[in-house]
Amino acid sequence: MKRPRLSSTASSSLSPRGKTSRSLHRPDPTGLHLPTLPTLAALPVLPRALPRRKSPATKRRMLAGAGIALLLAAAGAAYVSRERLRGLLGKRSADSGSERGLDTLTGLPNRAEAQWWLNTRLARARNRNHRLAVMILDINGFADLNEIHGREVGDHVLQVTAARMQSQLRTGDMVCRIANDTFMVIMDAIGPDHLIARIGERVVTTVSEPVSFHGEPITISASVGFAISQDKDRTPELLLDRADRALVQAKASNRNVVQF
């Protein structure tokens, strides 16, 4: 017995499993039977998810985390600020010459280095029961010289002065630059007072010779004040104070050298 043949219309209305599909095909006047998409009304409606409420424990953990983050950020900012301030302060100390070392212009020990050596040598002089002398030299009218001839000439005069002072002193004597145009000499194991005054006069005479700059002579002069250590000089500051007062007296009295 032969099976009945299905028409094309009936076969098109069946699904692959033999079940009838719903609204998959619509009659098309062209006869092509194009598939159509289901309408929005046919789509299943999913339930809307409600926002989850955070538990009190979760809120506390979030607040604690945010607080820790703020503390770490503040600590980092404070560290950067401190390091920047430390760098600025370190640069300022180096520029002002407050650190021990050599003067960049003359190559002589700077003020801090001179202070250290004066403390050391004064203590050694006391232990060995001998005297120590401090000489302070100042170039007269150096500010006017800088203004008239320029800073380049002034720097050259300072360099020449440093070299001339070193040439007139003993090997163990230390020459230092302690201010712009002020030099200090530390003289250990000195002899009689008149010999110290003679050394000062020789230094002043040599420093006061004209300085040649590109063939042009520059006239300069200097003054010196001396102080010799005594039993009452318990600190280097007292010794330096007496030498400075002697220098002021030398300038006021138009004398090149004054021993105090």
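A residue counts as buried when its relative accessible area is under 20%. The exercises below use this cut-off on a predicted model.

**Exercise 1. Determine which residues of β6 point each way from the strand, and whether they are buried or exposed.**

Solution. Begin with the two directions: Ala 222, Val 224, Phe 226 and Ile 228 point one way from β6, while Ser 223, Gly 225 and Ala 227 point the other way, and all of them are buried. Next, take the strand as a whole: seven of the seven residues of β6 are buried, so β6 is largely enclosed by the rest of the structure. For context, 30% of the 260 residues of the protein chain count as buried.

**Exercise 2. Place β6 in its sheet, and state which strands stand at the edges.**

Solution. The sheet is open and has five strands in the order β2-β3-β1-β6-β7, with mixed pairing. The edge positions belong to β2 (174-177) and β7 (257-259), each of which has a single partner strand, so one side of each is left without a neighbour in the sheet. From one strand to the next the twist averages 20 degrees.

Now follow the pairings of β6. With β1 the strand runs antiparallel, and seven bridges join the two; with β7 it runs parallel, and three bridges join that pair. Strands of a sheet pair through backbone hydrogen bonds, either parallel or antiparallel. Val 224 can be traced in both directions, for Leu 137 stands opposite Val 224 in β6, and the bridge partner of Val 224 in β7 is Val 257. A helix is then added to the picture, since α5 packs on the sheet and touches β1, β2 and β3, its direction making about 150 degrees with that of β1.

**Exercise 3. Identify which residues touch the most other members of the largest nonpolar core, and which element gives the largest share.**

Solution. This core has 33 residues, and Leu 137, Val 157 and Met 165 are those that touch the most other members. Two or more residues are given to it by each of β1 (132-139), α4, α5, β3 (182-188), α6 (193-207), β4 (211-213) and β6 (222-228). The largest share, six residues, comes from α5. To see the surroundings of one well-connected member, set aside the neighbours within four places in sequence: Met 165 is then in contact with Met 135, Leu 137, Val 175, Phe 183, Val 185, Val 203 and Val 207. A second, separate core holds 16 residues, including Ala 114, Cys 176, Met 184 and Leu 247.

**Exercise 4. Classify the packing of α4 with α5, and then that of α3 with α7, as oblique or roughly perpendicular.**

Solution. The class of each pair follows from the angle, for 65 to 115 degrees counts as roughly perpendicular, under 35 as roughly parallel, over 145 as roughly antiparallel, and the rest as oblique. Helix α4 (residues 142-149) and helix α5 (residues 151-167) pack at about 135 degrees, with axes 6 Å apart, and the two helices are therefore oblique to each other. On the α4 side the contact is made by Phe 142, Leu 145, Asn 146 and His 149, and on the α5 side by Arg 151, Val 153, Gly 154, Val 157 and Leu 158. By type, these residues divide into five nonpolar, three polar and one charged.

For the other pair, helix α3 (residues 111-128) and helix α7 (residues 236-252) pack at about 110 degrees, and their axes are 10 Å apart; α3 and α7 are therefore roughly perpendicular to each other. The contact involves Gln 115, Leu 118, Asn 119 and Leu 122 of α3, together with Pro 236, Glu 237, Leu 239 and Leu 240 of α7. These residues divide into five nonpolar, two polar and one charged.

**Exercise 5. Locate Ser 229, and decide whether it is buried or exposed.**

Solution. Ser 229 lies in the loop between β6 and α7. With a relative accessible area of 12%, Ser 229 is buried, because the cut-off is under 20%. Not counting residues up to four places away in sequence, Ser 229 touches Leu 122, Arg 131, Leu 132, Leu 239 and Arg 242. Finally, compare sequence with space: Ser 229 and Ala 125 are 104 residues apart in sequence, and 9.0 Å apart in space from C-alpha to C-alpha. Across the protein chain, among contacts between residues at least 6 apart in sequence, 62% join residues at least 24 apart.

Methods
Residues are numbered from 1 along each chain as its sequence is written. This is a predicted model: local features need pLDDT of at least 70, side-chain atom pairs count only at pLDDT 80 or more; totals for chains, interfaces and linings use all residues. Side-chain values use heavy atoms; hydrogens and water are left out. Axes are lines fitted to C-alpha atoms, for helices over the stretch in contact, and angles run from 0 to 180 degrees between N-to-C directions. Helices (H or I, at least four residues) and strands (E, at least two) are DSSP runs, numbered from the N terminus. Contact means heavy atoms within 4.5 Å. Ala, Val, Leu, Ile, Met, Phe, Trp, Tyr, Cys and Pro count as nonpolar, Asp, Glu, Lys and Arg as charged, and the others, Gly among them, as polar. A nonpolar core is a set of buried Ala, Val, Leu, Ile, Met, Phe, Trp, Tyr and Cys residues joined through side-chain atoms within 4.5 Å. Buried means under 20% relative accessible area, exposed over 50%, partly exposed in between (1.4 Å probe, protein chains only). Two strands pair if DSSP finds at least two bridges between them.
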